[in-house]
Amino acid sequence: MTELKPHSKITIANVSRRGLLKGVAATGSLVLAAQLPGAKGAFAAYPTGAQSMPNGVVTNPKVFVSIGGDGIVSIVAARAEMGTGAARTALPMIVAEELDADWARVRVVQSPGDEKTYGNQDTDGSRSVRHFIQPMRQCGAAARKMLEQAAAKKWGVPEGEVEAQLHEVVHKPTGRKLGYGELAADAAALPVPADDQIKLKDASAFRYIGKGTVRITDIVDITIGKATYGQDVVLPGMKFAVIARPPVVGGKVASLDATAAMKVPGVEKIVRLEPKPAPAKFAPLGGVAVIAKNTWAALKGREALKITWDDGPNKVYDSKAYKAELEASIRKPGKVERNEGDVDQALAAAAKVITAEYYAPHIAHATMEPPAATARMQGGKWEVWAPVQSPGGARDDVAAAVGVKPEELTLHTTLLGGGFGRKSKCDFAIEAALLSKEMGGAPVKVVWTREDDIQHGFYHTVTAERFEAGLDAANKVIAWRHRSAAPSFMANFVPDPKHPGDIELGMGWVDSPFNVPNIRMESGEAQSHVRVGWFRSVNNVAHAWSIQSFIAELAAQLGRDPKDFLLEMIGPPRIIDVAKSVTTPWWDYGEPAQTFPVDTGRLRRVAELAAEKAEWGKQLPKGQGLGIAAHRSFVSYIATVVHVEVSDKGAISIPRVDTAIDCGFCVHPERVRSQLEGAAVMGLTLAKYGEISFKNGAVEQSNFNDYQLVRIDEAPKETRVYIVDNGIEVPASGVGEPGVPPFAPALCNAIFAATGKRIRRLPIGDQLA
Amino acid sequence: MANLQVNGQARAYDGDPSMPLLWYLRDELAMTGTKFGCGVGLCGVCTVHLNGEAVRSCQVQMSEAAGKSVTTIEGLHPKHEHPVQVAWRDIGVPQCGYCQTGQIMNAAALLAKKPAPTDAEITAAMAGNLCRCGCYPRIHAAIRAAAKGA
């Protein structure tokens with residue numbers, strides 16, 4: 001038995017990230033553009049938030065591209081692949097496009113976590129394509145230029161006479177050709193060309209970008225069982241560990257009897273892990289680890305542990321009581337987050353005030369791959385294999401936990417069997433390293449079971465929302481007060497933040513685009529008793545659901561068509577100046593608002609497109625209905641129409657979903673479609689089933705029996721996706737997350753159309769029975 | 001001692017007879033194409049064929065696998081070109097991919113029994129396999145395509 005204390009020093013990288021991002025928002029995009037060094041700016045047709053992320057952007061082709069004598073082009077994927085296809089398909093494809101490489105002769109090589117070398121790797125916020133389309137084009141174009149220079153030199157001809165064409169360089173006057181493999185060594189010896197020598201392809205010459213014909217890089221490995229996820233890492237002599245974690249966050253072991261556990265054949269060691277006091281960032285929860293010769297022995301050993309827990313102060317957390325706390329919080333004035341006009345006066349003067357409240361619970365990510373990581377130390381050098389969304393950040397955190405410099409630790413990024421924000425937090429990788437350290441550096445794999453995943457996660461926040469809309473005598477909405485209370489994920493980084501941070505405020509709330517003269521958003525106080533994390537599309541989930549539901553409620557009360565009323569609320573095409581009326585600098589997804597403003601014209605267009613394609617207004621049989629919702633998130637615009645059928649017994653089926661997205665220039669339309677098909681399923685799961693609840697501080701659910709996911713037999717029968725066709729001059733925006741938020745409100749609005757029943761509490765559960 | 005066949009190869013196992021086949025495949029044989037998802041037979045990511053039947057390997061104890069023939073994703077097709085695998089690639093089914101080997105094994109077992117399943121039969125047969133990314137429309141379409149090619 002050993003006591004093991006995680007390293008005491010944690011860095012709060014995410015807080016400083018937020019500080020940086022705030023700076024961008026506050027100083028404005030023109031300043032940002034001026035700050036761009038020439039090297040980054042030459043081909044940046046528009047500024048993005050990429051350079052403001054920690055360690056920014058690297059475009060050097062010598063970092064990302066290598067070419068073998070056999071002509072095989074290796075392109076580095078530096079970000080994490082969790083299923084969107086951005087990291088290991090779209091970004092390498094962009095490099096290959098500008099390099100004019102033959103995709104069949106491209107290999108994708110996963111980098112380790114190392115932001116100094118590769119630039120920012122934090123795969124989160126639907127940023128990969130948005131931030132890297134320009135840098136990766138530049139990188140590929142520079143590599144192409146080097147090949148052309150090498151060929152010209154070899155032939156002794158002017159550079160203007162040679163041109164790269166699909167994996168070979170051609171001397172145009174003579175038709176002579178040299179393959180990329182033949183030029184590789186010479187090209188690699190050349191300096192990277194200056195920006196003014198590099199020429200990007202004209203979009204009309206694209207072979208891959210915008211076509212959607214390139215299959216995902218790992219498609220074969222995935223279908224034959226060779227794709228390696230964090231759970232799949234195998235090392236010689238590896239031990240397997242599972243951990244009994246405290247049921248309540250902050251809980252500690254009060255007493256432990258490991259006698260029976262040590263008698264389980266195959267169990268080799270029991271290790272106590274101490275929790276860290278809040279705010280603990282991504283530190284493990286502590287508990288008791290069982291290390292064994294295989295997972296099964298470790299699981300049996302864990303079952304045999306006799307532990308009593310000292311639950312600590314979070315034992316009070318009870319979801320029923322907390323719901324009442326949040327509701328009390330939104331029924332009184334809160335901290336003003338955005339203010340325009342005079343809401344109090346307008347509500348007092350209104351001919352009619354309509355009020356509604358909504359509640360959305362915690363949810364768990366439930367990635368199909370539960371968290372897992374493997375670590376070992378040999379000769380003072382650490383290696384960790386982990387399915388982490390932020391490989392560079394995880395490397396820093398794990399190194400700190402075992403007390404070494406980041407340079408002494410290699411973080412190998414495996415494939416992620418789903419991420420959705422859960423694997424932004426590297427607690428499981430820290431656990432593996434701490435346990436390997438305990439075993440003298442022997443390789444240890446920490447396996448999380450499904451129960452561990454459901455009960456010890458970083459949960460999507462729980463939210464209460466309250467709306468008051470004031471109508472004038474002509475039934476125009478003249479006042480809009482929206483209060484929201486939800487524990488902030490900033491509690492991982494700072495003590496008791498009480499109110500949302502800029503990121504949370506910016507997630508589809510203070511940036512609401514409505515054409516109402518008197519607007520106020522107020523946040524209520526909320527204290528966090530659990531590890532709140534970010535879940536795909538984050539606060540947008542509850543904000544979009546409640547806002548878009550409330551707009552449909554207003555439409556119903558006024559006897560208006562919900563789509564027409566939604567468009568009226570959005571108002572005429574215009575740019576919303578969010579920054580002028582917010583009290584915390586507007587975050588705008590870390591982007592310069594000049595590049596990515598709130599454009600109501602684009603929001604209207606997707607709403608109109610989805611409605612038209614769904615044949616909005618068509619007659620439907622009794623028990624069926626259409627619902628619509630439109631929402632901007634991750635600087636993309638999405639509208640969804642759900643067609644629902646509700647049986648006499650309240651069972652929901654969904655014959656069809658129509659979703660329209662404007663994500664700026666679309667790099668890989670086929671993967672965008674797959675993201676939105678999937679978002680409809682995830683949206684349905686969270687609407688229908690998604691709830692993590694707490695009693696006595698502990699999670700009440702445990703596995704897929706009581707934390708259900710939508711299955712194929714209840715999924716939408718058909719999801720049709722329409723992508724607004726934008727040229728490359730329209731900045732590419734987010735795709736991974738924005739499909740989720742409009743689904744639940746479109747569904748609930750469809751349910752209202754079908755049944756007259758308004759859902760104000762998620763999940764829907766048995767409310768229709 | 002349990003003797004069994006895994007992808008046509010004879011194997012002998014003399015450990016805990018209550019160990020699920022899943023952990024034998026993953027931890028003892030390092031055959032990680034069979035995934036771990038829930039451990040209680042609710043998600044289907046660990047699906048293998050036991051004497052040709054699709055089973056959840058987390059629910060099959062080694063004592064029950066004795067004398068039987070196990071096929072995993074690694075052994076589904078000698079060239080990894082089972083019609084289901086080919087259809088999965090053509091239709092671009094996976095997102096993260098983690099559940100897909102279980103989906104493929106389940107679909108292959110379905111088509112072995114019912115070469116031309118109806119839509120309802122596909123849906124019913126695949127309802128035990130979860131996909132958090134939500135690839136269901138493509139899973140359905142790929143099984144349709146594989147059935148046509150079969």
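**View 1. Chain B, read from one end to the other, runs β-β-α-β-β-α-β-α-α-α-α.** This is a predicted model. Counting up what you see, chain B holds six helices and five strands. Follow the pattern along the sequence and you will meet two strands, then a helix, then two more strands, with four helices in a row closing the series.

**View 2. Here is the overall build of chain B, whose C-alpha atoms fill a box of roughly 45 × 25 × 25 Å along the principal axes.** How does the radius of gyration of chain B fit with that of a compact globule? It agrees, because a compact globule of 150 residues would come out near 15 Å, and chain B has 15 Å. As for burial, 61% of the 150 residues of chain B count as buried. Look at the contacts in chain B with a separation of 6 or more, and 65% of them turn out to join residues 24 or more positions apart.

**View 3. Chain B splits into two domains, with domain 1 covering 2–75 and domain 2 covering 83–149.** Their C-alpha centres sit 21 Å apart. Where the two touch, domain 1 of chain B puts in 14 residues and domain 2 of chain B puts in 12.

**View 4. Zoom in on the side of domain 1 of chain B that touches domain 2 of chain B, where strands S3 (47–50) and S4 (53–56) each give two or more residues.** Which element hands over the largest share on this side? That would be S3(B), with three residues. Sorted by class, this side of domain 1 of chain B has six nonpolar and six polar residues, plus two charged ones.

**View 5. Now for the meeting of the two chains, a contact that takes 49 residues from chain B and 50 from chain A.** On the chain B side, the elements giving two or more residues are all helices:

- H1 (21–28) of chain B
- H3 (83–91) of chain B
- H4 (100–113) of chain B
- H5 (119–126) of chain B
- H6 (136–149) of chain B

H6(B) makes the largest share of the chain B side, with four residues.

**View 6. What kinds of residues does chain B turn toward chain A?** By class, the side of chain B that touches chain A has 27 nonpolar residues, along with 15 polar and seven charged ones. Keep H6(B) in sight while you look, since this helix gives four residues to that side.

Methods
Residues are numbered from 1 along each chain as its sequence is written. Chains are lettered from A and ligands numbered from 1 in the order in which they are written. This is a predicted model: local features need pLDDT of at least 70, side-chain atom pairs count only at pLDDT 80 or more; totals for chains, interfaces and linings use all residues. Domain bounds come from an automatic or database domain assignment. Two residues are in contact if their C-beta atoms, placed from the backbone, lie within 7 Å. Ala, Val, Leu, Ile, Met, Phe, Trp, Tyr, Cys and Pro count as nonpolar, Asp, Glu, Lys and Arg as charged, and the others, Gly among them, as polar. The radius of gyration is taken over C-alpha atoms; the globule rule is 2.2 Å times the number of residues to the power 0.38. A residue is buried if 20 or more other C-beta atoms lie within 10 Å of its own, exposed if 12 or fewer, and partly exposed in between; C-beta atoms are placed from the backbone.
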